[in-house]
Amino acid sequence: MESSTKLAVVIMAAGKGTRLKSRRPKVLHEIGGKPLLNYAIAAAGQVVDPAHIYVVVGHQAERVKAAVTATGVCFVEQADPRGTGHAIQCAREAISGYQHILVLSGDVPLIRPETIEQLWQFHLAEQAAMTILTAAPEDPTGYGRVLRKSADSPEVAAIVEEKGLTAEQRTAREINSGIYAFKTAPLLEHLGKLTANNAHQELYLTDMAGLLCAAGERVVAFELAGAGKGTAPAAEVLGANTIAELVALDSTLRAATANRLMAAGVTIFRPETCVIDAGVEVAPDTVIEPFVQLLGSTRIGAECLIRSYSVVENCTLGNNVLIRQSCVLAESTIEDGAKIGPFAHLRPGSKIGQDAHVGNFVETKKATLGKGAKVNHLTYLGDAEVGEGTNIGAGVITCNYDGVNKHPTRIGKGVFVGSDSTLIAPIVVEDGAYIGAGSCITKDVPAGALAVGRGRQFTKEGWVAARRARQAPQDQKPRN
Ligand code: UD1
Ligand code: CA
């Protein structure tokens, strides 16, 4: 790469995305769990420093800026978006200090940095004023077509938008990807000549091809050759203008993620049914059953089994973890050998220790379970700490909320909490204590003690027969 001060990247992201029929700006629609724009920024960031990336924002600019500001990119305002050509006109000042610019579209997310790099090298080698990244997808409908001067020449005469195509041009398969390299001087010299004399009454950046060509400048096409990793050829330059296109890109990206994991030794049964975000990491010999969702920054160790219908978001799992069917796990940590579910709900801040068990219909929130602790049935643990080897019986509840504040429950090691007990927080149950089933525990329990907090049982022998006898006269009304 040349010195980075020579080259800037401009990402066009100011459009409304009318065809999505959504209130959300197009570039913030997500595929693979992240906004479209983040992909273009990440790819550009592999080529130049974020200080040389200019994102053109317009429609809902503040919202778009807020979503990506952490990446360190610069912004250019296109207050009243009037087309891709107008977007670059708005960036005039920002780009004037660079010799060349690369232009990316915020809605073309699968572009790989390697391809951008190849386009840039081709552009330099061809000494072109404008280099257009092109592809020949199965169905070119909807894209601008690149018209070469002759079939075997890299030189381009013009780009014609779908709506401006003649019947003859409509058969042309080479599409404009919306990704370009420009030499800045000729671009800026002719940029003001764009007119809105077209179907959308917009200033089309694509018209720069014809304008530069007419001015005797060299305009060339660089056709995308091979396939991207795990993606079909041309997939990396497909745009997302409609929900259907967005969903198609999402499945392309997720298929690529599943393929990457499988190549690394992870078994994913029926991968087409799984929703795995691009940033998820899974170690070898882990098995993922159909209809599993692994989201966000989830990390899963080796030899785990994630059974069907579980949703795991931003969690870290050790090795040999078993997640049974239909668990919902968020922002939690699960250590080696732990077994979770079925139907368990681990809410944020849950830390499940090594070999611990969390069974069916158990909910945890900000709860730490020590090594080998068991909470197997119908329990709520909130703001709780449970020591190593402790057994929490069925239906136990930590009453952590008094209607205003949350309070902690601390249960030591080797404790036995009998079924259907309620622990009114703040409360401490020391190591080795034993709580009788059905207790309502309101006072701290010292180590090794038995605590029982429930009404005493009384038994009246013969009570049922005596009651029947008392009720007899009423029962003997004549019946018809
Ligand atoms: C554009 C190209 C088309 C190409 C296709 C590839 C034009 C006129 N057409 O069409 O030849 O085949 O991309 O995907 O350029 N944007 C702005 N400001 C605006 C308008 C758009 O920043 O005023 C941004 C959009 O947010 C989007 C990108 O530019 O990220 C492309 O705009 P879009 O309207 O999607 O262009 P296409 O119709 O797809
Ligand atoms: Ca588009």
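The exercises below, each with a worked solution, deal with a predicted model of a protein chain and a calcium ion.

**Exercise 1. The chain as a whole**

Work out how the radius of gyration of the protein chain stands against that of a compact globule of 480 residues, and describe the secondary structure of the chain.

Solution. Begin with the radius of gyration, which is 32 Å for the protein chain, whereas a compact globule of 480 residues would have one near 23 Å. Next take the box that the C-alpha atoms fill along the principal axes, which is roughly 110 × 70 × 40 Å. Then turn to the secondary structure, which comes to nine helices and 39 strands. Finally, consider burial and surface: buried residues make up 47% of the 480 residues, while the chain exposes about 22600 Å², of which carbon and sulfur atoms supply 51%.

**Exercise 2. The calcium ion**

Find which residues are the protein donors of the calcium ion (ligand 2), and state where in the chain they lie.

Solution. The protein donors are D107, through OD, and N241, through OD1, and they lie 2.2 to 2.4 Å from the calcium ion. The two donors link distant parts of the chain, since D107 is in the loop between β6 (100-105) and α5 (113-126) and N241 is in the loop between β11 (219-223) and α8 (243-263), 134 residues apart. As a last step, check the accessibility of the donors: D107 and N241 are both buried.

**Exercise 3. Salt bridges**

Identify the salt-bridge partner of D107, explain why this pair ties together separate parts of the sequence, and then examine other salt bridges of the structure.

Solution. The structure holds 19 salt bridges. In one of these, the side chains of K26 and D107 meet at 2.9 Å, N to O. K26 lies in the loop between β1 (7-12) and β2 (30-31), and D107 lies in the loop between β6 and α5, so the pair ties together parts that are 81 residues apart in sequence. Both K26 and D107 are buried. For a contrast in accessibility, take E272 and R270, which form a salt bridge with the closest N and O atoms 2.8 Å apart, and which are both exposed. A further salt bridge joins E155 and K149, with the closest N and O atoms 3.2 Å apart; E155 counts as partly exposed because its relative accessibility is 23%, and K149 counts as partly exposed because its relative accessibility is 47%. These two residues also belong to a network of salt bridges that links E126, K149, E155 and R218.

**Exercise 4. Two partly exposed residues in strands**

Place Y434 and N360 in the secondary structure, and then describe the surroundings of these residues.

Solution. Start with Y434, which has its place in strand β37 (residues 434-435). Its relative accessibility is 43%, so Y434 counts as partly exposed. Together with F416, L450 and V452, Y434 makes a nonpolar surface patch of about 390 Å². Now turn to N360, which is found in strand β27 (residues 357-360) and is partly exposed because its relative accessible area is 27%. Leaving aside neighbours within four places in sequence, N360 is in contact with G341, P342, F343, N376, H377 and L378. By contrast, N360 and R148 are 64 Å apart in space, C-alpha to C-alpha, and 212 residues apart in sequence.

Terms used: Residues are numbered from 1 along each chain as its sequence is written. Chains are lettered from A and ligands numbered from 1 in the order in which they are written. This is a predicted model: local features need pLDDT of at least 70, side-chain atom pairs count only at pLDDT 80 or more; totals for chains, interfaces and linings use all residues. Side-chain values use heavy atoms; hydrogens and water are left out. Patches are made of residues with over 30% relative accessible area and no salt bridge: like charges are joined within 9 Å, nonpolar side chains (Val, Leu, Ile, Met, Phe, Trp, Tyr) within 5 Å. Accessible areas come from the Shrake-Rupley method with a 1.4 Å probe; for residues, only the protein chains shown count as cover. A salt bridge is a side-chain nitrogen of Lys or Arg within 4 Å of a carboxyl oxygen of Asp or Glu. Helices (H or I, at least four residues) and strands (E, at least two) are DSSP runs, numbered from the N terminus. Buried means under 20% relative accessible area, exposed over 50%, partly exposed in between (1.4 Å probe, protein chains only). The radius of gyration is taken over C-alpha atoms; the globule rule is 2.2 Å times the number of residues to the power 0.38. Donors are N, O and S atoms within 2.8 Å of the metal (3.2 Å for Na, K and Ca); water is not among the atoms, so sites may look incomplete. Contact means heavy atoms within 4.5 Å.
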